[in-house]
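Thank you all for coming. I would like to take a few minutes on one structure, looking at its ligand site and then at its internal cavities, so please bring it up on your screens.

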Amino acid sequence: MADIITLLPDHVANQIAAGEVVQRPASVVKELLENAIDAKAENIQLIIQESGKKLIQVIDDGKGMSETDARLAFERHATSKIKQIDDLFSLQTKGFRGEALASIAAVAQIEMHTKQEKDEVGTHLKIAASKVEYQNISATTKGTSIAIRNLFFNIPARRNFLKSNNVELRHIIDEFHRVALAYPSISFVFQQNNSTLLNLSKGTLSQRIVAIFGKKIEEKLVTISSDTTVGKISGYIIKPDYARKNRGQQFFFVNNRFIKSPFLHHSIVQSFKGLLPEGYYPGYFIFFELNPESIDINIHPTKTEIKFENEQDLYAILKSATRHSLGMFQITPSLDFNHNPSLDIPYSYKSKSPKDPAIEVDKSFNPFVQKSEKITKEQWEPLVKIKESSLNTIPQNNSFLTEDITIRNHFQINNKYIVTHLDEDVLVINQYRAHQRILYEDFLQSVTTKKQKSQQLLFPINIELSLKIKSIFAEIKETFLEMGFSFEVLSDNELKVNGVPAICMNKNIKEVIENLFETFETESPVESFSYADSIAQSLCKSLAITNGMPLNHEEQKSIIEKLLKCKDSLTTPFNKKIYFLLSKNEMDKQLN
Ligand code: ADP
Ligand code: MG
């Protein structure tokens, strides 16, 4: 039999390796920014076009490369950062695998200018699909400018796999934030399609956080710090009052490298226990300084997951440091910022109490009108399906369905569950989830039937636009208008909201809108879903009565009735189960 094993040609091997390192434009952004930092740049410029699909360029004033190094840099396993495996454990640089440039070169067109300070002239190099196509001298300044064009141009399948510009841009912004937060002493400029998205001058960590997330974040932060033999902790946590309903602002850095650690995150969640209402997440910017020997960053190609030697100790130290900060902010509201209270505006966060938002079950609800609304057969059907599956019996003709049913008996327990009965079975409903479903369908219904009314605000509200919102605002603006929001653009990053959908009235509107924007910031909406759907999801989350809210008899009834009228009463828009049935059979079994 003939031999069948061949060695893969380098360009194929590189393309395969690229699959691990280069998933999307944002991965290229990360690698190039890290290379610039490793080259000790003080000023870094990131330029993208078409969310990086067309162009990603990073210009730095770092140490540059010699002519030979410029060529070598694109070879696989070519690195100046380690020489032997032991070096991994005293690592001071971001990169070390020597894979990034080789991988990128395998799947894109690259043009680079680079020059070292001591050299008269620099090097100009063009590479496409791993092949050097052009090399010459370059009259450039000290540092490196590297442009990546048409990512995945030679692998159409991968290119097609990329998401919309919107989604890819969000990933790039995330990577950019992570690097920029880790290096406040380096200045960054971020440009997209010839407009500047962010211009960050050198400064302290707190200045950098403000420059990225806006002035208002100042009053939300409290410092965290700890210095032990295991390592140092520094940074900020976001006060529980300002916790958000998404995970947008959670940053861990280990030796200035952004990392993900569900384990350490858990430690923080533990410390916040009891301080956050259901559905809210803690926010933090936490920096660990650890002995490089006590961590292993080589377990993941993108190096965002690392192994700690003293995991348990870190967990405990972080927990106590977080606890300490949480206790401290009660007496010292803002620590290293000069907060100017005169800047506060009506509806300010100050009056906000996330544990106890204003509740409104039903605007049209009037306790003095005694309606005895009948519920039709169709409305029970989802329930019956559950009933059938929970009973595990063959569907049969349920006699009670032939007649309409009146909700008569119901009560609330634990300020959380509404209990009623369905024929001979007991039905237990989670009030928060039920109300989410009701509001969600209500809102989408009113939008599709164009019955959504906009209500003018007596006191218009100013909202600061984050980078991500700014970058996609043109796209989402239309939907906002359609949904009943009206606003004017005050400046590059401020919006004045004049009107909101009627359903939002009497709420903390500022919070509702900020939650809404956060949705667009952090969750890449599944693309098949429309923006209207994302808005409806966010609104129903913000506006629903929470668990823990006492409801009177009529309010309970209203929830039950409206839930049963929903198209899908089984689950929330977030796929959480809304109710369960306790069957007579089950009761009999329990008590036989
Ligand atoms: P790694 O960063 O893991 O070493 P890369 O493929 O990212 O691997 O880069 C290969 C080498 O090219 C680096 O080790 C470095 O010597 C050089 N290099 C890459 N980018 C720059 C830059 N912006 N400035 C100076 N040298 C660079
Ligand atoms: Mg690198």
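Let me begin with the shell around ligand 1, whose residues divide into 7 nonpolar, 7 polar and 4 charged; please keep in mind throughout that this is a predicted model. In total, 18 residues surround ligand 1, and the closest of them are N35, T79, S80, K81 and G98.

Turning to individual contacts, N35 places a polar side-chain atom 2.8 Å from an oxygen atom of ligand 1. With F96, by contrast, it is a backbone N or O atom that lies 2.8 Å from an oxygen atom of the ligand, and for L101 there is likewise a backbone N or O atom at 2.8 Å from a ligand oxygen. Of the 530 Å² of accessible area that ligand 1 has on its own, the protein covers 92%.

Now to the cavities, of which the structure holds 4 with a volume of 30 Å³ or more, the largest having a volume of about 130 Å³. That largest cavity is lined by 15 residues, with K30, E34, V179, R257 and F258 lying nearest its centre. By class, its lining comprises 5 nonpolar, 3 polar and 7 charged residues.

Which elements supply at least two residues each to this lining? They are α2 (25–38), α6 (165–182) and β12 (257–259), and the largest share, 4 residues, comes from α6.

Finally, where does the largest cavity lie with respect to the domains? Because domain 1 (10–203) and domain 2 (207–330) both give residues to its lining, the cavity lies between them.

Key: Residues are numbered from 1 along each chain as its sequence is written. Chains are lettered from A and ligands numbered from 1 in the order in which they are written. This is a predicted model: local features need pLDDT of at least 70, side-chain atom pairs count only at pLDDT 80 or more; totals for chains, interfaces and linings use all residues. Side-chain values use heavy atoms; hydrogens and water are left out. A residue is near a molecule or strand if one of its heavy atoms lies within 4 Å of it. A polar contact is a pair of N or O atoms within 3.5 Å; within protein, one must be able to donate a hydrogen and the other to accept it, and residues adjacent in sequence count only if both atoms are side-chain atoms. Accessible areas come from the Shrake-Rupley method with a 1.4 Å probe; for residues, only the protein chains shown count as cover. Ala, Val, Leu, Ile, Met, Phe, Trp, Tyr, Cys and Pro count as nonpolar, Asp, Glu, Lys and Arg as charged, and the others, Gly among them, as polar. On a 1 Å grid over the protein atoms alone, a cavity is a set of points where a 1.4 Å probe fits but cannot get out, and a pocket is an open set with protein on both sides within 12 Å along at least five of seven lines; lining residues have an atom within 4 Å of a point. Grid points are joined across faces, edges and corners, and a volume is the space filled by probe spheres set on the points. Domain bounds come from an automatic or database domain assignment.
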